[in-house]
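Dear colleague,

Please find below the structure I wished to pass on to you. My findings follow it.

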Amino acid sequence: MKKIWKVLLLVLLAILLIGGVGFYYWAQQTYDASDTLYELVNKEDIQSEEDWLLFEPEGEADTGVILYPGAKVEPEAYSYYGKQLAAQGYLVAIPNLRLNLAILDLNKAEQIMEEHPKLEHWYLAGHSLGGIGATSFAMDNQDLVNGVILLGSYPSDSADFSDVAMPMLSISAEYDGLSTQDKIDDAKHLLSEQAVMHEIKGGNHAQFGIYGKQKGDEEASISVEKQQDEIMQVITEWLDQQGAPEN
């Protein structure tokens, strides 16, 4: 009987080991920034600090934006947001995440905030699974976060903002094959009463970043640059309504 239990234990350990190795391998198959990104952003403008990319405005900022990447998407793929928001006076940080998954590294935002203690206001943004991570952190740290921006994303059931006074911006895309409009609508009850909704006509899931096509997504009918520019316009107008940064 002891031999049987020993064999079963060894089999279980082997299954766990194989599963762990398989998951690690899967998590490392990331989406890199595409060549299109570097037509819009110079590589020299993408600076690393600690364990995140950092985009700083020319003058002093009092407001920061932290953007959690989507699952397995490299932070560089969101550099266009960093460049554009920095030009508007915001400090922007895009973190590297443990195993490239926001849900495994929720508190990375707090590390960034601690490194920039002079900033008075922080907004947390997230694309896809990064949005789930952003809303989870914001729910647990309402004293640190002034607002949330969702890019092709929605909160998990455990992050219910329906009774929370939290400014929120939810941007979806017409041809998003992953965070579909139905999923966005089904999770709308989890957003705060202050939430603002905006749909990008002709956009898709992958074009919330600049990293090429993504499995399961639909084909966009607009260019990635057009989608990104519309997103930036919506975000900057929304941020302005919360209070313009002081330069």
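Helices and strands are taken here as DSSP runs, with H or I over at least four residues for a helix and E over at least two for a strand, numbered from the N terminus. On that basis the chain of this predicted model holds 7 helices and 8 strands. Of its 247 residues, 49% count as buried. Among contacts with a separation of 6 or more, 73% join residues 24 or more positions apart.

I looked at one helix pair in particular. Two packed helices are described by the angle between their axes and the distance between the axes. For helix α3 (residues 79–87) and helix α7 (residues 224–242), the angle is about 45° and the axes lie 11 Å apart. Angles between 35 and 65 degrees count as oblique, and α3 and α7 are therefore oblique to each other. The crossing of α3 over α7 is right-handed. On the α3 side, the contact is made by Tyr-80, Tyr-81, Gln-84 and Leu-85, while α7 contributes Gln-228, Asp-229, Ile-231, Met-232, Ile-235, Thr-236 and Leu-239. By character, the residues of this contact comprise 7 nonpolar, 3 polar and 1 charged.

The second point concerns helix α4 (residues 108–115), whose buried residues are Lys-108, Ala-109, Ile-112 and Met-113. Seen down the axis of α4, these residues fall within an arc of 140°, so they line one face of the helix. Their packing partners are the strands β2 (52–55), β3 (63–68), β4 (91–95) and β5 (121–127), together with helix α5 (129–140).

Yours sincerely

How values were computed
Residues are numbered from 1 along each chain as its sequence is written. This is a predicted model: local features need pLDDT of at least 70, side-chain atom pairs count only at pLDDT 80 or more; totals for chains, interfaces and linings use all residues. Side-chain values use heavy atoms; hydrogens and water are left out. Axes are lines fitted to C-alpha atoms, for helices over the stretch in contact, and angles run from 0 to 180 degrees between N-to-C directions. Angles under 35 degrees count as roughly parallel, over 145 as roughly antiparallel, 65 to 115 as roughly perpendicular and the rest as oblique. A crossing is left-handed if the near helix is turned anticlockwise from the far one by less than a right angle, and right-handed if clockwise. Contact means heavy atoms within 4.5 Å. Ala, Val, Leu, Ile, Met, Phe, Trp, Tyr, Cys and Pro count as nonpolar, Asp, Glu, Lys and Arg as charged, and the others, Gly among them, as polar. Buried means under 20% relative accessible area, exposed over 50%, partly exposed in between (1.4 Å probe, protein chains only). The arc is that of the directions from the helix axis to the C-beta atoms.
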